[in-house]
Amino acid sequence: MNLQPATDLATQAVHVLETGARRPFAPSAELLRGAGLIRELTFEGVTEPQSQPVVDRHLNEPEVNDPGAASMLAALRAASPLMRWNDIHDGYGGEPGMEHFCDNFSFAALASPPNWAGGVAVASKTVGLTFTLQGPDVYYPDHAHKAIEIYYVIAGKALWKRGGEPWVERYPGDIILHTAGMRHAMQTRDEPLIAMAVWITDVESPIAVVRA
Ligand SMILES: [Fe+2]
């Protein structure tokens, strides 16, 4: 099987992180760390790639003006058939009030801890490279993890909350850093949100919903 689309997507991820690191006030050290870790990934095979109709629809609908995000979206579409899209019921299925979110959120990795790895994903204890798809009108409630996380918005406008900061509208091409343990939440409106999430530390740390 041709694994080049996975390599191309990882290359695109490195590019947006390195480009982002040169922006004024960017968290450059974290972005360059993420880029360096992704550069080391090598894709060797595919087990159980799996595409879901809901993912295919949301992945193929959006149009993006930002050039970096548009290139990333094209690379993600090309690599998607190699990736295993997972729902999140296993992680949050027992949590109250999470049904709508769980039914309308999916993620696929290029690198992840061995217990979530699937499709072309590389099992890694140093970096998590995940692509997320959050449907329209979906609230991803406050949650937190020890891992330092970089988000890159690929498609869709969404509201974002970091720690105690107010909600901020985020657009394709935006980069958002979540420091270790910082709570964060995302709310979509009429558009799906497609994003890249890069964990650069503590990739095996659990995710906890924060209720208070
Ligand atoms: Fe997170």
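Which residues of strand 10 (residues 184–188) are on its covered face, and which are on its uncovered one? His184, Met186 and Thr188 make up the covered face, while Ala185 and Gln187 make up the uncovered one. Keep in mind that this is a predicted model: local features need pLDDT of at least 70, side-chain atom pairs count only at pLDDT 80 or more, and totals for chains, interfaces and linings use all residues. Residues are numbered from 1 along each chain as its sequence is written.

A few terms first. Helices (H or I, at least four residues) and strands (E, at least two) are DSSP runs, numbered from the N terminus. Two strands pair if DSSP finds at least two bridges between them. A residue is buried if 20 or more other C-beta atoms lie within 10 Å of its own, exposed if 12 or fewer, and partly exposed in between, with C-beta atoms placed from the backbone.

**The sheet**
- Five strands form an open sheet in the order 8-7-10-5-12, with antiparallel pairing.
- Strand 8 (168–170) and strand 12 (208–209) are the edge strands, so each pairs on one side only.
- Strand 7 (residues 158–162) pairs with strand 10 over five bridges, in the antiparallel sense, and here Leu159 stands opposite Gln187.
- Strand 10 is also joined to strand 5 by three bridges, again antiparallel, with Met186 as the bridge partner of Tyr140.
- Strand 5 (residues 139–144) pairs with strand 12 over two bridges, and Ala144 stands opposite Ala208 there.
- In a regular strand the side chains alternate between the two faces of the sheet.

**Helix 4 and the loop after it**
- Helix 4 (67–79) has 13 residues that should span 18 Å at 1.5 Å a residue (the expected span is 1.5 Å times one less than the number of residues), and its end C-alpha atoms are indeed 18 Å apart.
- Its buried residues are Ala69, Met72, Leu73, Ala75, Leu76 and Ala79.
- Those buried residues cover an arc of only 165 degrees around the axis (taken from the directions from the helix axis to the C-beta atoms), so they sit on the same side of helix 4.
- Trp85 is in the loop between helix 4 and strand 1 (86–87), and counts as buried because 21 other C-beta atoms lie within 10 Å.

**Two positive phi angles**
- Phe25 isn't a glycine, yet has a positive phi of about 65 degrees; Phe25 is in the loop between helix 1 (4–21) and helix 2 (28–39).
- Phe25 is exposed, because just 5 other C-beta atoms lie within 10 Å.
- Asp202 isn't a glycine either, and has a positive phi of about 45 degrees; Asp202 lies in the loop between strand 11 (193–199) and strand 12.
- Asp202 has 16 C-beta neighbours inside 10 Å, so Asp202 counts as partly exposed.
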